[in-house]
Amino acid sequence: MTEAGRRPLLQIIVASTRPGRVGEPIARWFAEYAREHGAFDVEIVDLADVDLPMFAEPEHPRFGRYTLDSTKAFSAIIARADAFAIVHPEYNHSYNAALKNALDHLNQEWAGKPVALIGYGGVAAGARAAEALWPVLVGLRMVPVAATVPIPFAAKNVSGEGDARVFAPAAETETGGKAALDGLTEWIGTLGLRGSR
Ligand SMILES: Cc1cc2nc3c(=O)[nH]c(=O)nc-3n(C[C@H](O)[C@H](O)[C@H](O)COP(=O)(O)O)c2cc1C
């Protein structure tokens with residue numbers, strides 16, 4: 001709990017935007033897992049719903065002088081978070097373009113906040129994507145937690161249809177998820193984040 005009696009807000013970002021994406025049921029699983037962990041208020045931020053255009057702001061985002069309503073709305077969402085978990089796929093040995101576009105849109109809103117990476121893919125389990133993402137997060141002055149959660153062949157762990165699809169994590173994925181949540185909690189304490197909503 002924060003001093004104000006509120007839990008820090010953890011936003012779980014769904015990075016993949018394509019129809020049928022595996023990332024959506026994985027994010028729903030992780031949101032529930034994070035709620036059970038007990039240290040956070042949790043909300044999902046789905047980049048498919050945010051639906052940003054390709055970056056088109058005239059000024060560097062560090063000034064916060066946004067011209068587009070879509071950027072202003074995204075800024076208001078991200079500003080209220082204390083920590084993030086990014087659920088991201090691996091595309092062509094890196095992370096996906098919609099995620100980079102979303103990260104590039106803002107600056108101060110990301111800064112000084114811990115972030116955990118829940119990566120997934122085929123044989124590489126999203127590990128190469130996480131490695132590519134790490135320096136970008138550091139460049140934005142975010143604080144990546146050491147525990148990443150690579151999920152190999154994630155689609156094999158998803159069953160059901162449409163909105164009813166369910167991701168069933170392997171035991172190692174749950175263990176990694178707990179380490180990521182513990183890492184976020186530790187950084188929230190170290191950084192003195194107060195639940196700034
Ligand atoms: C454009 C594209 C590129 C991909 N490249 C890789 C890759 O380099 N390494 C890998 O392990 N999986 C790769 N995959 C497999 C994806 O990681 C896998 O299909 C995953 O489910 C995609 O996430 P999503 O369903 O949430 O969009 C690729 C998939 C797509 C669509």
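His-93 is exposed, with 11 other C-beta atoms within 10 Å. This residue sits in the loop between S3 and helix H4 (97-105), and its phi is positive, about 65 degrees, even though His-93 is not a glycine. Keep in mind that this is a predicted model. Below is a quick tour of the backbone oddities, the strands around S1, the nonpolar core, the ligand shell and a couple of long distances.

**Positive phi**

- His-93 has company: Arg-141 also isn't a glycine, and its phi is positive too, near 65 degrees.
- You'll find Arg-141 in the loop between helix H5 (127-139) and strand S5 (143-144).
- Is Arg-141 buried or partly exposed? Arg-141 counts as partly exposed, because it has 13 C-beta neighbours inside 10 Å, and the buried label needs 20 or more.

**S1 and its partners**

- Strand S1 covers residues 9-14, and five of its six residues are buried, so the strand is mostly covered.
- On the S2 side (residues 41-46), the two strands run parallel and six bridges join them.
- Two pairs to look for there are Ile-13 with its bridge partner Val-45, and Gln-11 with Glu-43.
- How do you get from S1 to S2? The path goes through helix H1 (residues 23-37), and the three elements make a right-handed β-α-β unit.
- S1 also pairs with strand S3 (residues 83-89), again in parallel, through five bridges.
- In that pairing, Val-14 stands opposite Val-87 of S3.
- As a reminder for looking along any of these, side chains in a regular strand alternate between the two faces of the sheet.

**The nonpolar core**

- The largest nonpolar core has 51 residues, and the members touching the most others are Ile-26, Phe-30, Ala-85, Ile-86, Val-87 and Ile-118.
- Which element gives this core its largest share? That's H1, with seven residues.
- Phe-30 is a good place to start browsing: leaving aside residues up to four places away in sequence, Phe-30 touches Ile-12, Ala-85, Val-87, Ile-118 and Gly-177.
- Val-87 turns up twice, then, as a contact of Phe-30 and as the residue opposite Val-14.
- As background, nonpolar side chains in soluble globular proteins tend to be buried together.

**Around the ligand**

- The ligand is surrounded by 16 residues, and the closest are Ser-16, Gly-23, Pro-89, Gly-121 and Gly-122.
- Sorted by class, that shell has seven nonpolar residues, six polar ones and three charged ones.

**Long distances and exposed spots**

- Arg-6 comes in the segment before S1.
- With 14 C-beta neighbours inside 10 Å, Arg-6 is classed as partly exposed.
- From Arg-6 to Pro-169 you move 163 residues along the chain, and the C-alpha atoms are separated by 29 Å.
- Val-138 belongs to helix H5 and counts as exposed, because it has 11 C-beta neighbours inside 10 Å and the exposed label applies at 12 or fewer.
- How far apart in space are Val-138 and Ala-164? Their C-alpha atoms are 36 Å apart, with the two positions 26 residues apart in sequence numbering.

Key: Residues numbered from 1 in each chain as written. Predicted model: local features only at pLDDT ≥ 70, side-chain atom pairs only at ≥ 80, totals over all residues. Near = placed C-beta within 6 Å. Nonpolar A, V, L, I, M, F, W, Y, C, P; charged D, E, K, R; others polar. Helix = DSSP H or I, 4+ residues; strand = E, 2+ residues; numbered from the N terminus. Pairing = 2+ DSSP bridges. Right-handed = clockwise from strand over helix to strand, strands pointing away. Core = buried A, V, L, I, M, F, W, Y, C linked by C-beta atoms within 7 Å. Contact = placed C-beta atoms within 7 Å.
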